[in-house]
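Hi everyone, thanks for making time this morning. Let me put the structure up, and then we can walk through a few parts of it together.

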Amino acid sequence: MADTRKWWKEAVVYQIYPRSFADGNGDGIGDLIGITEHLPYLADLGVDVIWLSPIYKSPNDDNGYDISDYRDIMTEFGTMDDFDRMLERAHSLGLKIVMDLVVNHTSDEHPWFIESRSSRENPYRDFYIWKDGKDGMPPTNWQSVFSGSAWEYDEGTGQYYLHCFTKKQPDLNWDNEKVRDSVFDMMTWWCEKGIDGFRMDVISMISKDPAYPEGPATDGIYGDLIPYVANGPRVHEYLKEMNRRVLSKYDIMTVGETAGVTIDEAKKYANNEGTELGMVFHFEHVDTGATTTPILGKWGYGRPDLKKFRAIMNKWQLELEGAAWGSLYLDNHDQPRMVSRFGNDCEKYREVSAKMLATMLHMMKGTPYVYQGEELGMTNFTFTSVSDCRDVEEINAYRQYVEENKVISAEELLKCFSAMGRDNARTPMQWDDSGNAGFSAAKPWIPVNPNYKEINAKAEVSDPYSVFSYYKKLIRLRHGNDIIVYGTFEPLLTDSGDIYAYRRHLDGMTLTVACSWADHDCPCDLFESLSGDELISNYGTHKPGILQPYEARAVLSPD
Ligand code: TEU
Ligand code: CA
């Protein structure tokens, strides 16, 4: 089925991590007033949609991904009035607002869970997943994503509840239709408020394998839970029901964060018939990095290999064609900074490699996502003490691997955090070169990256050669050229160890894109015989037959 035109296919999305974006009331924590004040900055950048990481009432065990009231705002972020003002201001600037929908789990402080754990007979008992232990052990060997068992024993009622993430994030039981009714009511309530869509947190995990089998061993103590919780037997049934009962009634954008998704599954979640979600995030390309593996799991780091990375990206580009819509991202609040990881954040190459990666991504097919600070070329942070870390994933890993199992030294694990940790993306937005990077008058909740004096929005907005100005141009190009949105994808130079190149095709036109991942000149003759317009490049002058270090070019020409 051919691509039907949709506003969200033509859009560029900007992700805000509210805690770290802008502090409006001077307490060191970002908030809704801070966001509202900076909306003109986003309108200037030219993005269409803002995705807000969770802003609901939460005890913040996982920075808002643990919700205790879906219809209220986190105290630190402001009030529902602040939200309404922000939404109105955004709409008046032509910006849409997409909410993060976290419904695989709630907080253990959500009234549903408080009821559920109060007794086995409570009407809310079946809102969550409770099981008996096996010989004094948890029901299965599953390890939670954030270390330790995925099951927590509840003294009061003598059973275990499932939590795929922290023990303060109990999983909802989607097999219970009352859970689905409650979630769909809540979603309708937000849609009626006028929001423009949902990003759905780990929505691929809402249907569990009813057999609850043991997982394949991970580190000797625990087993992997992903095969039994991701893409489960009823997930598509539930999403179709959600679509029928809520999504189809509004002209909204939806994107599923689908942990463990394969291409075949993605074709179902984001099918072009529109019976489930608009698009999905997959993880294959951001899981390519680990060339050094001091310990298990995500903590292996090392520069990703272009060949592997390209093979994954190309496969998704080609296989989703005509079947489903994709999303394009390298950065988000769960990933290290892309310029540090895939580019080169040394002084000489930071800007040019950030622009190269942006070109590579924004000229592909799919809806691009820009994560706050990415448009400035913000970099990773160097963690030298666990006291600088705020992420529950890092803190738990430190406890498990350094303090308890002693499988890695503190120094080595901090190196892993500096390369791969989620806190890299969560340091405050760098607005200007004043104290705390202009993020807050008070001490920020998480350290500021000391490079804010050189890397900040104030300096970049007025500089036509900045990373910011380059993103502005990329976004404008997408809005003005259907070929960037709807053109088909053709891989080029698939054996090259240095250059990522491809073509896009639409209506007798060809867009040729080449991006160098190398810090030296590389031969490339793709542009020599083309007569067309250069849409964008991160270099002012070119060398014939050569791509210079991290050079990127996109040229539009007739077929
Ligand atoms: O992430 C879920 C997920 O599958 C991963 O991105 C995971 O968080 C990461 O690999 C850990 O390193 C979502 C949210 O984006 C994340 O911030 C939350 O912590 C998580 O769900 C639980 O809600
Ligand atoms: Ca604040």
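Let me start with a question: are Asp171 and Lys208 buried or exposed? Both of them are buried. Please keep in mind that we are looking at a predicted model. The side chains of these two residues meet in a salt bridge, with N to O at 2.7 Å. Asp171 sits in the loop between strand 8 and helix 5, and Lys208 in the loop between strand 9 and helix 6, so this pair ties together parts that are 37 residues apart in sequence.

Now stay with that loop between strand 8 and helix 5, where we also find Asp175. Asp175 meets Arg234 in a salt bridge, here at 4.0 Å, N to O. Arg234 comes from the loop between helix 6 and helix 7, 59 residues away. Here Arg234 is partly exposed, at 31% relative accessible area, and Asp175 is partly exposed too, at 39%.

A third pair is Arg426 with Asp334, whose closest N and O atoms are 3.2 Å apart. These two residues are 92 residues apart, in another link between distant parts of the chain. Arg426 is buried, at 1% relative accessibility, and Asp334 is buried as well, at 14%. Salt bridges with shared partners join both of them into one network with Asp62, Asp391, Glu393 and Arg422. For the whole model, the count is 36 salt bridges.

Next, the calcium ion, ligand 2. Which residues are its protein donors? They are Asp23, Asn25, Asp27, Ile29 and Asp31, at 2.2 to 2.3 Å from the ion. Ile29 gives its O atom, while Asn25 gives OD1. Of these donors, Ile29 is buried, at 11%, whereas Asn25 is partly exposed, at 48%.

Let's turn to the strands. Strand 2, residues 49-52, is covered on both faces: Val49 and Trp51 are buried on one side, Ile50 and Leu52 on the other. Strand 1 runs parallel to strand 2, joined to it by four bridges, and Tyr14 has Ile50 as its bridge partner. Strand 5 also runs parallel to strand 2, again with four bridges, and there Val49 is partnered by Lys96.

Finally, the domains. The chain is divided into four, among them domain 2 (111-162) and domain 3 (384-421). Five residues of domain 2 contact five residues of domain 3, and the two domains bury about 380 Å² between them. On the domain 2 side, Gln143, Phe146 and Ser147 lose the most area, together 89% of what that side buries. How many salt bridges cross this interface? The rule finds zero.

Key:
Residues are numbered from 1 along each chain as its sequence is written. Chains are lettered from A and ligands numbered from 1 in the order in which they are written. This is a predicted model: local features need pLDDT of at least 70, side-chain atom pairs count only at pLDDT 80 or more; totals for chains, interfaces and linings use all residues. Side-chain values use heavy atoms; hydrogens and water are left out. Donors are N, O and S atoms within 2.8 Å of the metal (3.2 Å for Na, K and Ca); water is not among the atoms, so sites may look incomplete. Buried means under 20% relative accessible area, exposed over 50%, partly exposed in between (1.4 Å probe, protein chains only). Two strands pair if DSSP finds at least two bridges between them. Domain bounds come from an automatic or database domain assignment. Contact means heavy atoms within 4.5 Å. Buried area is the accessible area (1.4 Å probe) that two parts lose on being put together, summed over both.
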